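User: I have a structure open and want to talk about its pockets. Can you walk me through them?
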Amino acid sequence: MTQSTPAPWTDAPTTARLVLGDGSVIEGQGLGAAGAAVGEVCFNTAMTGYQEILTDPSYAGQIITFTFPHIGNVGTNAEDTETSNLAARSGVRGCVLRASITDPSNYRAVEHLDQWLKARGIIGIAGVDTRALTALIRAGGMPNGVIAHEPSGQFDIEKLKAEAKAWPGLLGLDLVPDVTSGQSYSWDEMRWVWGQGYPRNQHPEFHVVAIDYGLKRNILRCLASAGCKVTVVPATTSAEDVLGRKPDGVFLSNGPGDPAATGEYAVPEIKKLVASGLPVFGICLGHQMLGLALGAKTKKMHQGHHGANHPVKDFTTNKVEIVSMNHGFAVDRETLPDGVLETHVSLFDGSNCGLSLAGKPVFSVQHHPEASPGPQDSHYLFNRFTNMMRAQKGLPLVKER
């Protein structure tokens, strides 16, 4: 009987495509969920923290290209998820990888990244020249694209091209309703401690109301570790409701989309909160919308800032911090009105990364101090916030650390 022998070096069929708005088609191996999703293609330069990145609500509407080639090798677990609204599966539309995922090799691993992506409905593509894709984004800006995974390897490329070209993009898009919490809740879980996990804040000094525009869990943990009992409220909560909860301070969270679009309903309430005299602290989208509330403007960035290795100068301390960033919009520093001070600036491109209101307990930063890339370069910002609350209560201040 004659037996057929497979031809040597036979390539496996490609089961995924990344189709860009200009018609470019990139082939690869599919992983994660099957299907197709449209979004803005960006790149992230972090070498670690892929699970935190993929669950950061600020990435809603985006397809993430990881520049580090080995993603997924330490698996996934329940503790590293950053989405505070656990009813939301994921805001990210997809991920692009250089190398295929190996089996997990880490004592904290619970699940393979491929299975984890399937469970969260995230589409992935591996085998892509991510250096070339990153260079394309750096030269031409963040393109719209469709990421598609079909195990049969059969795709309607013309349909995918049309969908990528027709998507309007993030400019003018309010994505906060997709990621905010549906109701208020309390939070007392603090930062992770080796061998203990996440302890609880049993004796909070302050009450903070955090407005959830796409809040990350580790921000809540940092607030709790700084001595705060936190009440989280949905993005559309009125200033009257916030103030009616008798907080010592108000936190404006991170989140996705165009700050000017979300600001249509959020900025008027932020203005009232600033006028109340309470300490106000904003991060990321919260920073951008605080800038709008104080009279500045925001703008879309060419390639955005996405990574855990960004140098930022803090003019209040004259120190340089290594920070984590994830934003495609920025406060336009040229539009800062009198009385609004620029406190931080990116040493990569000179863009605004922080502001404060002269004579008032109001400040914000563009970067993510809770993400700990330094690893603790920016944790002092949470102490700065609590010191503002201490000052209003007539309590002694603590050293920023």
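Analyst: Sure. Start with strand S13. S13 gives nine residues to the lining of the second largest pocket, the largest share there. Keep in mind that this is a predicted model.

User: How much space lies in that second largest pocket?
Analyst: About 330 Å³.

User: Which residues lie nearest its centre?
Analyst: Met-301, Gln-303, Gly-304, His-305 and Asp-349. In total, 23 residues line the second largest pocket.

User: Which elements give two or more residues to that lining?
Analyst: Helix H3, which spans 130-140, plus S13 and S14.

User: And how does the lining divide into nonpolar, polar and charged?
Analyst: Five residues are nonpolar, 12 are polar and six are charged.

User: OK, switching. How much space is in the largest pocket?
Analyst: About 1100 Å³. Its lining has 45 residues. Thr-48, Gly-49, Glu-52, Asp-80 and Ala-371 are the closest to the centre.

User: Which elements give two or more residues to this one?
Analyst: Two helices, H1 (50-54) and H5 (217-225), and two strands, S13 (298-314) and S14 (319-331).

User: Which of them gives the largest share?
Analyst: H1, with four residues.

User: What about the nonpolar, polar and charged split here?
Analyst: The lining of the largest pocket has 14 nonpolar, 21 polar and 10 charged residues.

User: Back up a bit. How does anyone find empty space in a protein?
Analyst: You roll a probe the size of a water molecule over the atoms, and that shows where space is left empty.

Key:
Residues are numbered from 1 along each chain as its sequence is written. This is a predicted model: local features need pLDDT of at least 70, side-chain atom pairs count only at pLDDT 80 or more; totals for chains, interfaces and linings use all residues. Side-chain values use heavy atoms; hydrogens and water are left out. On a 1 Å grid over the protein atoms alone, a cavity is a set of points where a 1.4 Å probe fits but cannot get out, and a pocket is an open set with protein on both sides within 12 Å along at least five of seven lines; lining residues have an atom within 4 Å of a point. Grid points are joined across faces, edges and corners, and a volume is the space filled by probe spheres set on the points. Ala, Val, Leu, Ile, Met, Phe, Trp, Tyr, Cys and Pro count as nonpolar, Asp, Glu, Lys and Arg as charged, and the others, Gly among them, as polar.
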